[in-house]
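Colleague: I'd like a close look at one spot in this model, please. Pick a residue, walk me through its surroundings, and then work outwards to whatever else catches your eye.

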Amino acid sequence: MMFEFERATGINPLYQAWNKVSSRNTAIGIYNITLDFYKQNLSENINKLHYYLETFQYVPYPEKEYDANTRNIYISCLDDKIVQTAAANVIYENINDLFSKSTHGYIKTRSVDTAHKSLNSAIQNNVTEFYKTDIRKFYESVNKTILINKLRNIANDKKFIELIELMLVQHKDGISTGSCLSPVLSNLYLLDFDNSLENKSIFYSRYVDDILVAPEQAQTMESVIKDIDKTLADLRLEVSGEKSAVVNAGDGFKYLGFYIKADIVEKLISEKKYILAEKLLNEKTPEISAETHDYGNYIKLFVRDTDKHYISDTSQDRYIENHGRLNNAKINELINSKKEFAVPALDKNGLCSFAVFDIDINKEIILRYGDDGNMFDTLFAKTKETAINIQKRIKELDVTGYIEFSGYKGYHVWVFWENCVSIKEQNIRILAIIP
């Protein structure tokens, strides 16, 4: 019986896969067929694709290699993306109930946020020491024979297995970093690994290839590390030694794009004062110079009529509320002592004197592709271009926008008003906290 094959290649599953693929800003494959072009004859294209699949004439197109550097990305054509997505949906349905609760990447209702929530919960329960590592060249190192054997355990359909093998053979090493099928296949590949680590550990978390684990009291950290090395070796995988370390929440460490420290994460979040700002953008984009500023060039502009401010207390890892108005001397003292400070977004009359636009590379892209290679460089350049465009647009309102390098992921655009303004609830969040 070809149950999984039919679930992946029927007309309705292919349309559902198209809807999913077309909802994203997908990159164009080797034959440059765009979403708009494909959509012009959607019914004909889907029916033709279904016919080729049903009659076993379907052959994937070659992948387009993109931004080759230390990490290569491979882009499939639209037909192949649709088939990959339809097949991925079937595999996902078959293993959805088998996922470890500690696996957070590419699973519905799971995310970087759920990974951090589980970690914060562990820290609150006095779990402080962890082994942090990632899998070296994870996608490229997946062994196809092992993967297909695991697939046979959850999909007893010869034609479906052959379809997956056909798609995998197009990529020489492991599984493709650009395939719509790879995320679910990577989770399938590590399914037993995840469940084993979760059962053996007091805390375990994995997001794609990033692993964080804390041993049970009866275990030593050394035994956990050896167990991970052995289990991964059985899967023909290995950890990145240069990215592996025992870390402690008391000392602080970085995890999935955030800085984690015992008792600090939730407190800092609670101290950040978010409000909704008036929409500033308009259609005109006058030509002006785009100069990047360090915050020292305009930090004095934070001297405003507020009756309180906040100063970081490193000994207690939190912000201390201080009454009184910040002045230039106090701000310079705080900067020189390398202390963070914050002022309320609104003054004591409920008016706002500044706003900030935060332009970052999407966190999911950083976590998937890392911070090296042409992909990151291209997107980082795009963040500055976006900041410059915002600066140009708000200039039309006779407001100067100060562009600031925010560190690692992008830029800020700060704007200040000589006279405080009333803020209407619109779509732009502003954050009144200055690192």
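Modeller: Let's start with leucine 212, which sits in strand β5, residues 210–215. Keep in mind that this is a predicted model. Leucine 212 has a relative accessibility of 0%, so it counts as buried, the cut-off being under 20%. Who keeps it company? Setting aside neighbours within four places in sequence, the contacts of leucine 212 include a run at Phe130, Tyr131 and Lys132 and another at Phe203, Tyr204 and Ser205. Leu119, Val247, Phe253 and Tyr255 are on the contact list of leucine 212 too. To give you a sense of how the chain comes back on itself here, take glutamate 129: it is 83 residues from leucine 212 in sequence, yet their C-alpha atoms are 10.0 Å apart.

That fits the picture for the whole chain. Among contacts with a separation of 6 or more, 72% are between residues 24 or more positions apart. The chain has 435 residues, and 47% of them count as buried. You'll find 16 helices and 17 strands to get lost in. On the outside, the accessible surface comes to about 22,700 Å², with carbon and sulfur atoms holding 47% of it.

Now over to strand β4, residues 201–207, for a charged pair. Arginine 206 makes a salt bridge with aspartate 194, and the closest N and O atoms are 2.8 Å apart. This pair ties together distant parts of the chain, since aspartate 194 belongs to helix α11 and arginine 206 to strand β4, 12 residues away. Are the partners buried or exposed? Aspartate 194 comes in at 2% relative accessibility, so it is buried. Arginine 206 has 0%, so that end of the bridge is buried as well. Elsewhere, Glu4, Arg7 and Glu93 are joined into one network by salt bridges that share partners.

Helix α11 takes part in another salt bridge, this time through glutamate 198. Its side chain meets that of lysine 101, N to O, at 3.6 Å. Again the link spans distant parts of the chain: lysine 101 is in the loop between α5 and α6, and glutamate 198 is 97 residues away in α11. The two ends have unlike settings. Lysine 101 counts as exposed because its relative accessibility is 61%, while glutamate 198, at 18%, is buried. In total, the model has 14 salt bridges.

Next, the helices, and α9 is a good one to look down. Helix α9 covers residues 158–168, and its buried residues are Phe160, Ile161, Leu163, Ile164, Met167 and Leu168. Viewed along the axis, those residues fall within an arc of 155°, so they line one face of α9. The geometry behind that is familiar: an α-helix has 3.6 residues a turn, so residues three or four places apart point the same way. The cover over the buried residues of α9 includes α1, α4, α5, α8 and α10.

There's some polar detail on α9 as well. Aspartate 157 caps the N-terminal end, with a side-chain oxygen 3.1 Å from the backbone nitrogen of lysine 159. Lysine 159 also has a salt-bridge partner in glutamate 162, where the closest N and O atoms are 3.5 Å apart. Both of these residues lie in α9, three residues apart, or about one turn of the helix. Glutamate 162 is partly exposed at 33% relative accessibility, and lysine 159 is partly exposed at 28%.

Helix α8, one of those covering α9, has buried residues of its own: Ile146, Leu147, Ile148, Lys150, Leu151 and Ile154. Notice that a lysine turns up in that list. These buried residues pack against α1, α5, α9, α10, α11 and α12. At the start of α8, a side-chain oxygen of asparagine 143 comes within 3.1 Å of the backbone nitrogen of threonine 145.

Last stop, the surface. Ile30, Tyr31, Ile33, Phe37 and Tyr61 make up a nonpolar patch there, with about 470 Å² of accessible area together. Isoleucine 30 is in the loop between α2 and α3. At 36% relative accessible area, isoleucine 30 is partly exposed, whereas leucine 212, where we began, is buried at 0%.

Definitions and conventions:
Residues are numbered from 1 along each chain as its sequence is written. This is a predicted model: local features need pLDDT of at least 70, side-chain atom pairs count only at pLDDT 80 or more; totals for chains, interfaces and linings use all residues. Side-chain values use heavy atoms; hydrogens and water are left out. Patches are made of residues with over 30% relative accessible area and no salt bridge: like charges are joined within 9 Å, nonpolar side chains (Val, Leu, Ile, Met, Phe, Trp, Tyr) within 5 Å. Accessible areas come from the Shrake-Rupley method with a 1.4 Å probe; for residues, only the protein chains shown count as cover. A salt bridge is a side-chain nitrogen of Lys or Arg within 4 Å of a carboxyl oxygen of Asp or Glu. Helices (H or I, at least four residues) and strands (E, at least two) are DSSP runs, numbered from the N terminus. Buried means under 20% relative accessible area, exposed over 50%, partly exposed in between (1.4 Å probe, protein chains only). Contact means heavy atoms within 4.5 Å. The arc is that of the directions from the helix axis to the C-beta atoms. A polar contact is a pair of N or O atoms within 3.5 Å; within protein, one must be able to donate a hydrogen and the other to accept it, and residues adjacent in sequence count only if both atoms are side-chain atoms.
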